[in-house]
Amino acid sequence: MNAPPEGETGEADKRVAQAFGGPRQPVFRVPAAEDGVRVSRLIAGSPPLDTNSAYCNLLQCSDFAGTCVLAEREGEVVGWLSAYRRPADPECLFVWQVAVAADARGEGLAGKMLDELLVRPAAAGANALATTITAANAASWRLFETFARRHGASIDRSLRFDREAHFAGAHDSEWEVRIAPLHTHSD
Ligand SMILES: CC(C)(COP(=O)(O)OP(=O)(O)OC[C@H]1O[C@@H](n2cnc3c(N)ncnc32)[C@H](O)[C@@H]1OP(=O)(O)O)[C@@H](O)C(=O)NCCC(=O)NCCS
């Protein structure tokens with residue numbers, strides 16, 4: 001049997017793609033400022049993530065584009081990962097947010113976006129990855145634990161932002177996770 005033709009979109013194509021072994025693989029790419037609005041919408045639809053201002057997502061999609069990953073499938077934004085090199089520790093990649101559209105979860109998309117970050121030219125020379133996670137976010141803990149195991153790295157946890165001291169009781173505490181050592185391309 002032949003694969004479904006490239007370049008077609010719509011519900012009929014999705015059904016054909018599924019009949020031929022599942023939906024098309026997403027494309028991972030560097031975002032552009034024009035993606036900002038769709039990124040904001042994905043984040044707004046991905047609780048418990050904090051929503052961002054449109055301006056914040058525009059800056060991520062432009063100034064920080066090299067360390068941000070957008071996953072697109074059949075023209076839809078289905079995944080987003082924002083990250084930056086820590087100004088005081090540029091060998092550490094700090095992952096700000098990860099979001100996968102509800103109907104694209106459970107396919108390993110978030111893990112693939114983390115792997116994509118490691119091979120980006122903008123990540124060259126980094127040897128650690130950090131993020132923060134609330135205690136109740138089971139999917140996020142699992143995502144980063146599996147990522148650490150896949151890369152043979154160890155994972156350290158420490159309290160970063162405390163519910164009372166830093167959020168005035170309005171947000172759960174954020175636990176910092178640091179995963180190292182990691183291997184990226186050298187400069
Ligand atoms: C967290 C999130 C990004 C994971 O996306 P995903 O593409 O479904 O993740 P993956 O398919 O790569 O799965 C990662 C692991 O988490 C597990 N997992 C997924 N959803 C889970 C859940 N609700 N509870 C527990 N584990 C879960 C998967 O089984 C997988 O485990 P494995 O590595 O042992 O196979 C997605 O659920 C999401 O967007 N959530 C809302 C926003 C959020 O909380 N973001 C993370 C904070 S930055």
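The paragraphs below go through the sheet of this predicted model and then the helices that pack on it or on one another.

The sheet is open and is built from seven strands, which follow one another in the order β1-β2-β3-β4-β5-β7-β6 with mixed pairing. At its edges stand β1 (27-29) and β6 (154-161), and each of these has a single partner strand, so one side of each is left without a neighbour in the sheet. From one strand to the next the twist averages 25°. Within this arrangement, strand β3 (residues 76-86) is paired with strand β4 (residues 89-100) in the antiparallel sense, over eight bridges, and Leu 81 stands opposite Val 98 in β4.

Helix α2 packs on the sheet, where it touches β1, β2 (69-73), β3 and β4, and its direction makes about 95° with that of β3. Helix α4 (residues 109-119), for its part, lies across β1, β2, β3, β4 and β5 (128-134) and runs at about 155° to β4.

Besides its place on the sheet, α2 (residues 36-44) also packs with helix α3 (residues 54-62), at an angle of about 120° and with the two axes 9 Å apart. Angles from 65 to 115 degrees count as roughly perpendicular and those over 145 as roughly antiparallel, and α2 and α3 are therefore oblique to each other. The crossing in which α2 passes α3 is right-handed. On the α2 side the contact is made by Gly 36, Val 39, Ser 40 and Ile 43, and on the α3 side by Ala 54, Asn 57, Leu 58 and Cys 61. Sorted by class, this contact of α2 with α3 comprises five nonpolar and three polar residues, with no charged residues.

Technical notes
Residues are numbered from 1 along each chain as its sequence is written. This is a predicted model: local features need pLDDT of at least 70, side-chain atom pairs count only at pLDDT 80 or more; totals for chains, interfaces and linings use all residues. Side-chain values use heavy atoms; hydrogens and water are left out. Axes are lines fitted to C-alpha atoms, for helices over the stretch in contact, and angles run from 0 to 180 degrees between N-to-C directions. Helices (H or I, at least four residues) and strands (E, at least two) are DSSP runs, numbered from the N terminus. Angles under 35 degrees count as roughly parallel, over 145 as roughly antiparallel, 65 to 115 as roughly perpendicular and the rest as oblique. A crossing is left-handed if the near helix is turned anticlockwise from the far one by less than a right angle, and right-handed if clockwise. Contact means heavy atoms within 4.5 Å. Ala, Val, Leu, Ile, Met, Phe, Trp, Tyr, Cys and Pro count as nonpolar, Asp, Glu, Lys and Arg as charged, and the others, Gly among them, as polar. Two strands pair if DSSP finds at least two bridges between them.
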